[in-house]
Amino acid sequence: MHEPWGWGQWAVLAFVPVSFLEVYLYFYLLKQAGAVFVSIGSFIALFGGIFWGMLLLGERHSATVWIAVLLVSSALYLANFRATRPGEAKIEPAVVRVSD
């Protein structure tokens, strides 16, 4: 019952604050950028899963996984290319006001 903790127990303990941060960032992104851009959080979680798997579980990935990471990163950049160009106005979401 009083054995020292192994990597598995520490990984579960580390999962709690990381999950809290991920949920907080999800709602922050929803508030700041809108629902259209929230889907980017899914890709960030994918990269986080790869990173934590390597760090906590000692996973090593093949070249195909790194090619997939590169392709997903490129797709994210291309999907947001217009918003990332300097000097160009960003499109603001429409605001609908309901009055009596």
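**Exercise 1. Place Tyr24 and Tyr28 in the fold and classify their ring contact.**

Step 1. Helix α1 (residues 7–33) holds both Tyr24 and Tyr28, 4 residues apart, about one turn of the helix. Helices here are DSSP runs of H or I with at least four residues, strands are runs of E with at least two, and numbering starts from the N terminus.

Step 2. The model is predicted: local features need pLDDT of at least 70, side-chain atom pairs count only at pLDDT 80 or more, and totals for chains, interfaces and linings use all residues. Residues are numbered from 1 along each chain as its sequence is written, and side-chain values use heavy atoms, with hydrogens and water left out.

Step 3. Rings of Phe, Tyr and Trp (its six-membered ring) pair if their centres lie within 6.5 Å; planes under 30 degrees apart are stacked, over 60 edge-to-face, and the rest tilted. A search of the whole structure gives 3 aromatic pairs. One of them, Trp5 with Trp10, is edge-to-face, at 5.0 Å centre to centre and 65° between the planes. Tyr24 and Tyr28 are stacked, with centres 6.4 Å apart and 20° between the planes.

**Exercise 2. Decide whether Trp5, Trp10 and Tyr28 are buried, partly exposed or exposed.**

Step 1. Buried means under 20% relative accessible area, exposed over 50%, and partly exposed in between (1.4 Å probe, protein chains only).

Step 2. Trp5 has 49% relative accessibility, so Trp5 is partly exposed. Trp10, at 47%, is therefore partly exposed. Tyr28 has 44%, so Tyr28 is partly exposed as well.

Step 3. For the chain of 100 residues, 8% count as buried.

**Exercise 3. Which residues form a nonpolar patch with Tyr24?**

Phe20, Leu21, Leu25 and Tyr28 join Tyr24 in a surface patch with about 580 Å² of accessible area together. Patch residues have over 30% relative accessible area and no salt bridge; nonpolar side chains (Val, Leu, Ile, Met, Phe, Trp, Tyr) are joined within 5 Å, like charges within 9 Å. A salt bridge is a side-chain nitrogen of Lys or Arg within 4 Å of a carboxyl oxygen of Asp or Glu.

**Exercise 4. Where in the chain is confidence lowest, and where highest?**

Step 1. The chain has 4 helices and 0 strands.

Step 2. On the pLDDT scale (predictor's confidence in each residue, 0 to 100), the lowest mean is 58, in helix α4 (residues 81–84), and the highest is 88, in α1.

Step 3. Where pLDDT is low, predicted coordinates should not be read in detail.

Technical notes:
Areas by Shrake-Rupley, 256 points an atom, 1.4 Å probe, with all protein chains shown as cover.
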